[in-house]
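Good morning, and thank you for coming. Please turn to the sequence and the structure, which I shall now put on display.

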Amino acid sequence: MAYLSYFFTLLMAPLLLGLFMFSTAVTGQLGLPYDVASKLHNDSQSINSTASDWGHIVHEYAAAVLYPNSTNDIATLLQFANNGSTTFGIAARGQGHSARGQAMAKDGIVINMTTLNNMGSRIVVSQSGEYADVGGEQLWIDVLRATVDQGLSPVSWTDYLYLSVGGTLSNAGISGQTFRYGPQITNVYELDVVTGKGDVITCSSKQTSELFYSALGGLGQVGIITRARIALQPAPNRAVWIRLFYSDFSAFSKDQELLIASKGKQGSIGFDYVEGFVLMPQGPVDLSFYSVADQPRITALLEQYGILYTIEIAKYYDDKAAKTIAKVVEILLNQFSYIPGFIFQQDVSYIDFLNRVHTEEEFLRTLGLWEVAHPWLNLFVPKSRIADFDSGVFKGILLKQKVPAGLVIVYPMNRNKWDDKMTAVIPEEDVFYVVALLHSSGLEEWQLFDEVNAQILQFCNDTGIEIKQYLPHYEKQQDWTDHFGSKWQTFQEMKVKYDPNKILAPGQRVFDDL
């Protein structure tokens, strides 16, 4: 392991300081304290560990990797970066689950946030049970386990739980609970943020609120989230997990919108989770949820109709409701228009339901199909145009061209569950849909899927469907300006205020031309 005292001499001195003179300990006004310098590594293993990500599309090499043991280590590095004669990019990396190099820092420094675990317990539930203070490096699966142990749970999740808290809060954090509770960013009371200038600031909706709202959904552009105070509520014990099949998109979307409605039977007593899928015969079609006996029936149904839609819902319950949950679910399901006989359900623990994607991960890893390219496209589509998207994209592009669709997720959300003061952007309509095209490909074939993604985006542009990308990746400044719309000016002002040297999250390429 090569440490900074040697490392600066050979590699980083010209890059970072220009006229910096090497000393045995990099200290003083122009240098980095040795206790931080010793955590900065440039060996090949460290560099290679941050050169790729979940997407396996972008490959960029940092000059060094910081392994911090404290928030102060991060702040010190950022202060140092601001004081040098030559600036360089710094990116925080949690689990590296970005798809397009967003957590990379070419020729700069990547902060491996996972080593903050060395600080000891970083998930602390309040005595009142109203919230948990959680380190930005913590995984949501660990937050789930730690809180459920005390009979509590966060209310808003992502589908995959092996993601860092700071990472999802820098985007939004969405899943099937978002229609009811909002994204993860609206279920945060307080943050600790290390700004681009190296200041450590505690912020909330009432304290330094502009930083609080800028950081939540801010793509890491104004600061690195090192702690979040997450809202909790009593945890259920189990979940009834249901899938319903449809051959007609109109019936499918109508029932999904009924499920997320704030009034009537689907109000506070309704289902707790709502998502959906599109199944196409060119596959691959995952039937692992269903019994061996039911799988041929579903395959035959898909052959009959050529395309199917599946609503996935869940109703949580505790021991007190165990005797009545079946009747409650039966009543709730009476109003839906799914294909008769094509309803399937499981009764699972609350943790197993929330951690359902990890089971698929373990299976795909055994087949060598997890660490592959992921040319994903995630969109928010206004409700008024979702039928056009179905006919033009699902049927007109994916089905017609027989594109191996992989996992296609579709489900609606309520705009009033989002906080417009936060940086994350969504369509203007009261209801909008998540459309996640989760392609997987060989490491050399991802460009073919990107061509399909480009067709989809062009279709939306040509037909006037005012989409917003989730987990966006743009190459041009104007695209970013258009993406943020009315929020762009404020976001730009916050960047200038909290990261004036444009040090943070260079892999996002948001402010390259600022």
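Which residues lie nearest the centre of the largest cavity, and how many residues line it? Before answering, I should say that this is a predicted model. The lining of the largest cavity consists of 14 residues, and those nearest its centre are Asn171, Ala424, Val425, Pro472 and His483. The space in this largest cavity comes to about 100 Å³. In total, the structure contains 2 cavities of 30 Å³ or more.

Let me move on to the strands, beginning with β16. Strand β16 covers residues 377–382, and 6 of its 6 residues are buried. The two faces can be described in turn. On one side we find Leu377, Leu379 and Val381, and on the other Asn378, Phe380 and Pro382, with every one of these residues buried.

Which strands, then, are joined to β16 by bridges? One of them is β18, residues 431–438, which runs antiparallel to β16 and is joined to it by 6 bridges. Within that pairing, Phe380 has Val434 of β18 as its bridge partner. Another is β19, residues 468–469, also antiparallel to β16 and joined to it by 2 bridges. Here the bridge partner of Leu379 is Gln469 in β19.

I turn next to a sheet made of 4 strands. This sheet is open, its strands follow the order β1-β2-β4-β3, and the pairing is mixed. Strands β1 (40–41) and β3 (90–93) are at the edges, and each has a single partner strand, so one side of each has no neighbour in the sheet. For β1, pairing with β2 (residues 64–66) is antiparallel and extends over 2 bridges. Leu40 is placed opposite Leu66 of β2.

Now to the surface. Phe363, Leu367 and Leu369 make up a nonpolar patch there, and together they have about 310 Å² of accessible area. Of these residues, let us consider Leu369, which is located in the loop between α13 (356–366) and β16. Is Leu369 buried, exposed or partly exposed? Leu369 counts as partly exposed because its relative accessibility is 45%. This loop therefore leads us back to β16, the strand whose residues were described above as buried.

The next region lies around the start of helix α8. Thr208 sits in the loop between β9 (200–204) and α8, and Ser209 belongs to α8 itself, which spans residues 209–215. Although Thr208 is not a glycine, its phi is positive, at about 45°. Thr208 is classed as partly exposed because its relative accessibility is 33%. Ser209 is likewise partly exposed, on account of a relative accessibility of 28%. Measuring from C-alpha to C-alpha in the model, Ser209 is 9.6 Å from Glu190 in space, while the two are 19 residues apart in sequence.

Finally, I would draw attention to two further points of backbone geometry. Where is a cis peptide bond found? The bond from Gly283 to Pro284 is cis, and its omega is near -5°. Pro284 is situated in the loop between β13 (273–279) and α10 (295–305). The other point concerns Arg509, a residue other than glycine with a positive phi, near 60°. Arg509 is located in the segment after α17 (488–498).

That concludes the presentation, and I thank you for your attention.

Definitions and conventions: Residues are numbered from 1 along each chain as its sequence is written. This is a predicted model: local features need pLDDT of at least 70, side-chain atom pairs count only at pLDDT 80 or more; totals for chains, interfaces and linings use all residues. Side-chain values use heavy atoms; hydrogens and water are left out. Patches are made of residues with over 30% relative accessible area and no salt bridge: like charges are joined within 9 Å, nonpolar side chains (Val, Leu, Ile, Met, Phe, Trp, Tyr) within 5 Å. Accessible areas come from the Shrake-Rupley method with a 1.4 Å probe; for residues, only the protein chains shown count as cover. A salt bridge is a side-chain nitrogen of Lys or Arg within 4 Å of a carboxyl oxygen of Asp or Glu. Buried means under 20% relative accessible area, exposed over 50%, partly exposed in between (1.4 Å probe, protein chains only). Two strands pair if DSSP finds at least two bridges between them. On a 1 Å grid over the protein atoms alone, a cavity is a set of points where a 1.4 Å probe fits but cannot get out, and a pocket is an open set with protein on both sides within 12 Å along at least five of seven lines; lining residues have an atom within 4 Å of a point. Grid points are joined across faces, edges and corners, and a volume is the space filled by probe spheres set on the points.
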